[in-house]
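Reader: Hi! I have a protein model open and I'm new to this. Could you walk me through it?

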Amino acid sequence: MSESAETIITDELRRCVGRKGPVRTLGTLSASDVRRYVDATGDVNPLWLDDEFARSAGYKGRLLPPILVGWTPFSIKEPEEGRGSAFDVRRQLPVPAAYTNVRNAGSETEWLKPVYLGEELSCQSHIVDITAREGRMGVGIYVTQLEEVRNAENELVFTRRHTVALFRERKTRE
């Protein structure tokens, strides 16, 4: 049976829209994490390096660089089970087994509150859309997730709407 954009999204896959993953603790980013970020990027903004400067700018202390906070949910290692585990809700989707070629199809990020050095964060992911389109690489399954990062007071500090495209793995010439 050939696959098409009209038939590859099954009823079972459609029912996954709205599915939520578990709330995951992201841990605490430390001053040494910030120092490694500064060393790697050259971003020496005093808001993440100097408590006194941050307070003079109206914050209660040093901030974490937003890009460092934004990549933390993606830096958590998958458990050994990988696919099918409760850790990543996208990997639990019942997509055809041959669809292992995963591509980034875009993301939108919004920072809603400052995050302070030493602040505990947690994250939860939701499946918000699943569609299919035909393109140069054949039929692609486009999965959009919403990642929500919250602080210890359960305030939403960061959201990311991220879409990945899954394509059938092609055999390469040897």
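**A walk through the model**

Author: Happy to! Let's begin on one side of helix α2, where Arg 36, Asp 39 and Ala 40 are exposed. Keep in mind that this is a predicted model.

Reader: Which residues of helix α2 are buried, then?

Author: Those are Asp 33, Val 34, Tyr 37 and Val 38, in a helix that runs over residues 31-41. They sit on the same side of α2, because they cover an arc of only 135° around the axis.

Reader: Why do residues three or four places apart point the same way?

Author: An α-helix has 3.6 residues a turn, so residues at that spacing face alike.

Reader: Nice. What comes just after α2?

Author: Gly 42, which takes a positive phi of about 80°.

Reader: What about a positive phi in a residue that is not a glycine? Where should I look?

Author: Look at Asn 154, with a positive phi of about 65°. Asn 154 is in the loop between β4 and β5. With a relative accessibility of 52%, Asn 154 counts as exposed.

Reader: Can we zoom out? How many helices and strands does the protein chain have?

Author: There are four helices and five strands. Going along the sequence, you meet them in the order α-β-α-α-α-β-β-β-β. The chain has 174 residues, and 39% of them count as buried.

Reader: Since this is a prediction, what is the average pLDDT of the chain?

Author: The average is 87, and 87% of the residues score at least 70.

Reader: And which elements have the lowest and the highest mean pLDDT?

Author: The lowest is α4, with a mean of 74, while helix α3 (residues 51-56) has the highest, at 97.

Reader: Let's switch to charges. How many salt bridges are there?

Author: The count comes to six salt bridges. In general, side chains of opposite charge can pair when their charged atoms come close. One of the six pairs is Arg 24 with Glu 147, whose closest N and O atoms are 3.6 Å apart. Arg 24 belongs to strand β1 (residues 24-27) and Glu 147 to strand β4 (residues 138-151), so this pair ties together parts that are 123 residues apart in sequence.

Reader: Are Arg 24 and Glu 147 buried or exposed?

Author: Both are buried.

Reader: Does α2 come back here? Which residue forms a salt bridge with Arg 36?

Author: Asp 33 does, and the closest N and O atoms are 2.5 Å apart. Arg 36 and Asp 33 are three residues apart in helix α2, so about one helical turn separates them.

Reader: And what does Lys 113 meet in a salt bridge?

Author: The side chain of Glu 155, at 4.0 Å from N to O. This pair links distant parts of the chain, 42 residues apart: Lys 113 is in the loop between β2 (101-111) and β3 (121-135), and Glu 155 is in the loop between β4 and β5 (156-167). Lys 113 counts as partly exposed, at 35% relative accessibility. Glu 155 is partly exposed as well, at 31%.

Reader: Okay, cysteines next. What is a disulfide?

Author: A disulfide is a covalent bond between the sulfur atoms of two cysteines.

Reader: How many disulfides does the structure hold?

Author: Zero. Two cysteines you can look at are Cys 16, which is buried with a relative accessible area of 1%, and Cys 123, which counts as buried at 1% relative accessibility.

Reader: Now the surface. Which residues make the nonpolar patch?

Author: Ile 67, Trp 71 and Trp 111 make a nonpolar surface patch of about 340 Å². Trp 71 lies in helix α4, which covers residues 66-75. That is the helix with the lowest mean pLDDT among the elements of the chain.

Reader: One last thing: how far is Arg 150 from Val 23 in space?

Author: Their C-alpha atoms are 9.8 Å apart, although 127 residues separate them in sequence. Arg 150 is in strand β4 and counts as partly exposed, at 24% relative accessibility. For another pair to find, try Arg 90 and Arg 19: they are 71 residues apart along the chain, with 9.2 Å between their C-alpha atoms. Arg 90 is found in the loop between α4 and β2, and is buried with a relative accessible area of 14%.

Reader: Thanks, I'll go and find those!

Technical notes
Residues numbered from 1 in each chain as written. Heavy atoms only, no water. Patch = residues over 30% accessible without salt bridge, like charges linked within 9 Å, V, L, I, M, F, W, Y side chains within 5 Å. Areas by Shrake-Rupley, 256 points an atom, 1.4 Å probe, with all protein chains shown as cover. Helix = DSSP H or I, 4+ residues; strand = E, 2+ residues; numbered from the N terminus. Disulfide = S-S within 2.5 Å. Buried < 20%, exposed > 50% of the residue type's maximum accessible area, 1.4 Å probe, protein only. Arc of directions from axis to C-beta. pLDDT = per-residue confidence, 0-100.
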